[in-house]
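Thanks for making time this morning; I would like to walk you through one structure, beginning at its ligand and then moving outward. Please have a look at the picture first.

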Amino acid sequence: MVMSTPPMGWNSWNTFNFHINETIIRETAEAIVSKGLKDAGYEYVVIDDWWSLKERDKDGRLVANPELFPSGMKALSDYVHSLGLKFGMYSCAGLRTCGGFPASFDREFLDAQTFADWGVDYLKYDFCFFPHNAVGRNYYNRMSMALKATGRDIVFSACNWGADEVEKWIRSTGAHLYRSTGDIFESFSSVKDIATSQWSKEKYSAPGCYDDLDMLICGMDGQGDLGHPNACSDTDYKTHFALWCMMGSPLMLGNDVRVMRPEMVELVTNKDLLRIDADAECRNPIILTTNSELTPTYFKHLSNNEFALAMFNFSDDAGNGDFRPWEIGLTRNAGFSLDMREVFTGEELHGVNDFIWTPLAPHDCKVFIGKYTV
Ligand code: GAL
């Protein structure tokens with residue numbers, strides 16, 4: 001299968017951790033449809049860790065916990081599919097999942113077939129309890145082959161947290177996306193740390209295999225086991241989403257979609273940002289930190305001869321975002337300038353060919369889409 005744009009969907013981990021069950025999954029899938037998220041492109045409904053029994057069955061197969069998933073995974077998958085969505089699950093390259101459940105080390109072909117039999121369209125593949133004397137690269141490749149051997153189109157979502165310079169080899173394993181960092185938490189510093197950790201690795205993300213910056217925390221609003229009440233403002237969520245889109249990251253919601261506020265639905269369905277995220281070329285942004293590493297500027301070529309320009313303020317104080325066109329090769333006498341429109345406010349700038357700056361509230365950003373004029 002060709003994964004020509006970064007996958008979009010929802011994953012249970014951020015909010016539900018080890019408190020998942022089939023009712024939550026069904027209601028979440030229904031909410032994804034009723035809130036218009038499916039229409040915006042969010043299609044994969046992914047159950048993370050904690051779904052199985054602690055032991056395999058007598059044939060060595062993984063077993064869903066019948067107390068949490070009494071209808072079984074095939075029935076749940078059928079229901080998710082009946083809503084026009086796709087179904088995702090979770091396993092691990094090691095001997096146990098991070099939660100201590102059976103994982104797929106040396107059981108790859110059997111487990112891949114089990115997932116295929118259940119109608120799984122997406123597999124997140126973690127890295128806990130991976131033997132030190134084994135080579136991670138080979139085991140990601142092994143599961144990738146096992147998934148392909150089922151003949152079913154299954155998105156392979158590698159999750160080794162950026163270990164072993166994953167960005168340099170993961171594309172060659174056939175994976176469609178790769179987690180490049182440790183886990184996200186509901187805080188602006190977590191967002192900032194993940195974003196800046198990719199400042200030298202951003203070039204590795206490209207169509208077919210995308211740098212996964214981890215699930216979104218937008219709209220978590222302090223809920224669930226990884227939520228931190230009052231830790232994030234709506235401005236934090238806005239900048240987080242804009243950063244992920246400027247990087248072309250997979251967009252997996254991590255909040256409780258059933259109670260998602262309209263403001264958050266509006267944010268994550270912003271058409272301009274989704275277009276930037278899913279741009280056909282998935283070019284890495286040029287990242288400028290001339291002013292300060294706390295106020296970086298991202299310039300990203302889009303297909304159709306357009307560009308995106310984003311100015312961020314990572315600081316806890318008010319600051320100024322700036323853009324110095326000469327730093328990307330555009331000088332005043334080039335005979336060209338930039339026309340652009342801000343994606344949240346509609347503010348327009350015309351004829352930009354020299355230094356511009358803009359005041360930014362703490363943690364805020366501005367994101368423009370634009371084109372060139374003579
Ligand atoms: C971590 C992973 C998280 C989540 C968790 C489940 O290793 O990074 O995203 O999947 O395991 O136990």
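By class, the shell around the ligand holds six nonpolar, no polar and six charged residues, where Ala, Val, Leu, Ile, Met, Phe, Trp, Tyr, Cys and Pro count as nonpolar, Asp, Glu, Lys and Arg as charged, and the others, Gly among them, as polar. Before going on, I should say that this is a predicted model, in which local features need pLDDT of at least 70 and side-chain atom pairs count only at pLDDT 80 or more, while totals for chains, interfaces and linings use all residues. Residues are numbered from 1 along each chain as its sequence is written, and side-chain values use heavy atoms, with hydrogens and water left out.

The residues around the ligand, meaning those with a heavy atom within 4 Å of it, include W13, Y90, C159, W161 and M215. An oxygen atom of the ligand is 2.7 Å from an N or O atom in the side chain of K124, and for the side chain of D183 the corresponding distance is 2.5 Å. The protein covers 94% of the 310 Å² of accessible area that the ligand has on its own, as computed by the Shrake-Rupley method with a 1.4 Å probe, where for residues only the protein chains shown count as cover.

Turning to the fold, eight strands form an open sheet in the order β7-β6-β5-β4-β3-β2-β1-β8, with parallel pairing. Strands here are DSSP runs (E, at least two residues), helices likewise (H or I, at least four), numbered from the N terminus, and two strands pair if DSSP finds at least two bridges between them. Because β7 (210-212) and β8 (251-253) stand at the edges with a single partner strand each, one side of each is left without a neighbour in the sheet.

Methods:
Polar contact = N/O pair within 3.5 Å; in protein donor to acceptor, adjacent residues only side chain to side chain.
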